Amino acid sequence: MSRRLALAGSVLAALAVSSGAVFGHGDVQPQPVNTDGLPPLGDTWRDENPYRDNATAVKIGSSAYNQNCARCHGLQVISGGIAPDLRYLEKGKEGDEWFKERVTHGAIIDGMTKMPVFAGVISQEGLWAIRSYIESQHVDN
């Protein structure tokens, strides 16, 4: 009987540990981003980051990133391997295009949502502030 209990305990422990991998992305509610201090952008999405090198945007983006992105992309934009390491995202217009595509359309790979759509949930101002923070953490390949 004790052998069965030990086996059952091992199975339960393994399930508990592995459930984090299965539900790691989870059903996470995006957190609001306070963009006070940034010029409003309106409804039409910009093609390039209008807040590039804006210290206020970087500060707002840091907080917003840590609340909404760090779970997958890592604290201080250093990925632990679940999602791309955004420190290596190209600076400037090319990186802005990739960022805009991902936050406005998300990413579905092999039928699984790898990144949710954030546009419409977080304002354009908030998302470009996040991009400003990410770009401030850039590392060359």
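Mentor: Two residues are said to touch when they have heavy atoms within 4.5 Å of each other. This is a predicted model, in which local features need pLDDT of at least 70, side-chain atom pairs count only at pLDDT 80 or more, and totals for chains, interfaces and linings use all residues. Residues are numbered from 1 along each chain as its sequence is written, and side-chain values use heavy atoms, with hydrogens and water left out.

Trainee: Leaving out residues up to four places away in sequence, which residues does Ile-134 touch?

Mentor: Ile-134 is listed with Tyr-65, Phe-99, Leu-127 and Ile-130 as having the most contacts inside the largest nonpolar core. Once residues up to four places away in sequence are set aside, the partners of Ile-134 are Tyr-65, Val-77, Leu-86 and Phe-99.

Trainee: From which helix does the largest share of this core come?

Mentor: A nonpolar core joins buried Ala, Val, Leu, Ile, Met, Phe, Trp, Tyr and Cys residues through side-chain atoms within 4.5 Å, and the largest one here has 25 residues. Helices H2 (55-68), H4 and H5 (124-136) each supply at least two of its residues, a helix being a DSSP run (H or I, at least four residues) numbered from the N terminus. The largest share, six residues, comes from H5.

Trainee: How many residues apart are Trp-45 and Trp-128, whose rings form a pair?

Mentor: Rings of Phe, Tyr and Trp (its six-membered ring) pair if their centres lie within 6.5 Å, with planes under 30 degrees apart called stacked, over 60 edge-to-face and the rest tilted; by this rule there are three aromatic pairs. The rings of Trp-45 and Trp-128 have centres 5.6 Å apart and planes at 55 degrees, so this pair is tilted. Trp-45 lies in the loop between helix H1 (2-22) and H2, whereas Trp-128 lies in helix H5, and the distance along the chain is 83 residues.

Trainee: What is the relative accessible area of Trp-128?

Mentor: Buried means under 20% relative accessible area and exposed over 50%, with partly exposed in between (1.4 Å probe, protein chains only). Trp-45, at 21%, counts as partly exposed. Trp-128, by contrast, is buried, with a relative accessible area of 0%.

Trainee: Which residue forms a salt bridge with Arg-52?

Mentor: A salt bridge requires a side-chain nitrogen of Lys or Arg within 4 Å of a carboxyl oxygen of Asp or Glu, and the structure holds six of them. In the one made by Arg-52, the closest N and O atoms are 2.4 Å apart. Arg-52 lies in the loop between H1 and H2 and its partner in helix H4, so the pair ties together parts that are 44 residues apart in sequence. That partner is Asp-96.

Trainee: Which residues are linked with Arg-52 in a network of salt bridges?

Mentor: Asp-96 also forms a salt bridge with Arg-131, at 2.7 Å between the closest N and O atoms, and this pair links helix H4 to helix H5 across 35 residues. The side chains of Arg-131 and Glu-135 meet in a further salt bridge (3.6 Å, N to O); being four residues apart in helix H5, they are separated by about one helical turn. Asp-96 and Arg-131 are both buried, as is Glu-135. The network therefore links Arg-52 with Asp-96, and its further members are Arg-131 and Glu-135.
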